[in-house]
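Biologist: Before we discuss any details, could you bring up the model, so that we can go through it together in questions and answers?

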Amino acid sequence: MLELKKRLARILAEKSYREGDFTLASGKKSDYYFDCRQTALHPEGCWLIGQLFFDLLKDKDIHGVGGMTLGADPLVSSVAVISHEKGKPLPALIVRKQAKGHGTGQYVEGLANFTEGQTVYMLEDVVTTGGSVITAIERIEAAGLKVAGVCCVLDRQEGGREALQAKGYDLVSIFTRKELVELANA
C-alpha cells in the first residue's frame with residue numbers, strides 16, 4: 001500500500017495542493033488549500049483513493065459508505081466500485097446540502113441500498129474542524145442508519161479529529177499534511 005500512497009501523494013501534490021491565502025469552508029484562514037476533487041476526478045487518482053479507502057475500511061463491520069455532496073461524490077463512488085471488485089460490496093450514500101425540493105424531499109440519496117439500523121463509514125476529502133462531516137453524520141443518523149466513524153484523504157490536524165472524537169466518532173486518514181508532503185517528494 002505504500003507504493004499506492006506515494007502515487008496518490010504525487011497526484012494530489014500536482015492536481016490538488018495549492019499554497020497562498022485561502023478561506024476554508026470552516027471560515028478559517030489557511031496558507032494552503034487542498035482541492036481533492038481535482039484528484040478524485042482524475043482516473044488514476046480516483047482508483048487510488050478507492051483502493052486506499054477500501055484498505056482502511058475492509059476489516060470494519062460496516063454495510064456501506066456515505067459523504068456530503070459534492071466533495072464526497074467521487075470518493076463514495078470509487079469505494080463502492082472497488083469494494084465490489086474485492087468481493088465485499090459497500091454501497092454508497094450521498095448527503096445533500098439542502099433537502100431535495102421535490103419528490104421525496106430527502107437529504108440522503110442511496111437509502112434503497114440499506115436497511116434501517118445498518119452501519120456506515122463517512123468519507124471526506126479534507127477534515128479541518130469536522131463541521132461539514134458532523135452535519136452529514138446527523139443527516140445519515142436521522143435517516144435511520146448508524147455511523148461508525150469517518151475516513152478522510154487529508155487530516156489537516158486542526159481540531160477535526162478531536163471534534164469527531166468528542167461526538168464518539170473515530171477518524172482514519174490516508175494522509176496528514178506532513179505525510180502528504182513527505183510522500184509527494186519521496
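What follows is a conversation that goes from the whole chain to its sheet and then to single residues.

Modeller: This is a predicted model, in which local features need pLDDT of at least 70 and side-chain atom pairs count only at pLDDT 80 or more, while totals for chains, interfaces and linings use all residues. Residues are numbered from 1 along each chain as its sequence is written, and side-chain values use heavy atoms, with hydrogens and water left out.

Biologist: What radius of gyration does the protein chain have?

Modeller: The radius is taken over C-alpha atoms, and the globule rule is 2.2 Å times the number of residues to the power 0.38. The C-alpha atoms fill a box of roughly 45 × 40 × 30 Å along the principal axes. For 186 residues a compact globule would have a radius of gyration near 16 Å, and the chain agrees with this, since its own value is 16 Å.

Biologist: Which percentage of the residues in the protein chain is buried?

Modeller: Buried means under 20% relative accessible area, exposed over 50%, and partly exposed in between, with a 1.4 Å probe and protein chains only. The chain exposes about 8900 Å², of which carbon and sulfur atoms supply 49%, the areas coming from the Shrake-Rupley method with a 1.4 Å probe, where for residues only the protein chains shown count as cover. Of the 186 residues, the buried part is 46%.

Biologist: In what order do the strands of the open sheet lie?

Modeller: Helices (H or I, at least four residues) and strands (E, at least two) are DSSP runs, numbered from the N terminus, and the protein chain has 7 helices and 8 strands. Two strands pair if DSSP finds at least two bridges between them. In the open sheet 6 strands take part with mixed pairing, and their order is β5-β4-β3-β6-β7-β8. Its edge strands, each of which pairs on one side only, are β5 (108–109) and β8.

Biologist: How many residues of β3 are buried?

Modeller: Strand β3 (residues 64–68) pairs in the parallel sense with β6 (residues 119–127) over 3 bridges, and also in the parallel sense with β4 (residues 92–95) over 4 bridges. G64, G66 and M68 point one way from β3 and V65 and G67 the other way, and all are buried. The strand is therefore largely enclosed by the rest of the structure, the number of its buried residues being 5 of the 5.

Biologist: Which residue in β6 stands opposite G66?

Modeller: One bridge partner in the other neighbouring pairing can be named too, as M68 of β3 is matched in β4 by V95. In β6, the residue opposite G66 is M122.

Biologist: How far apart are the C-alpha atoms of I137 and M122?

Modeller: I137 lies in helix α5 (residues 131–142) and counts as buried because its relative accessibility is 1%. Not counting residues up to four places away in sequence, I137 touches M122, V147, V150, L164 and Y169, where contact means heavy atoms within 4.5 Å. I137 and M122 are 15 residues apart along the chain, and their C-alpha atoms are separated by 7.4 Å.

Biologist: Is Q157 buried or exposed?

Modeller: Q157 is found in the loop between β7 (146–155) and α6 (160–166), and its phi is near 60°, a positive value in a residue other than glycine. Leaving aside neighbours within four places in sequence, T176 of β8 is in contact with residues including Q157, and T176 itself counts as buried because its relative accessibility is 13%. For Q157 the relative accessibility is 54%, so this residue counts as exposed.

Biologist: Which two residues does a cis peptide bond join?

Modeller: Most residues other than glycine have a negative phi, and most peptide bonds are trans. Here omega is about 15°, and L70 lies in the loop between β3 and α4 (73–85). The cis peptide bond joins T69 and L70.

Biologist: Which residue in the turn of the hairpin of β1 and β2 has a positive phi?

Modeller: Strands β1 (residues 17–23) and β2 (residues 29–34) pair in the antiparallel sense over 5 bridges, and the bridge partner of F22 in β2 is S30. The hairpin has 5 residues between its strands, and the turn residue with a positive phi, about 95°, is G27.
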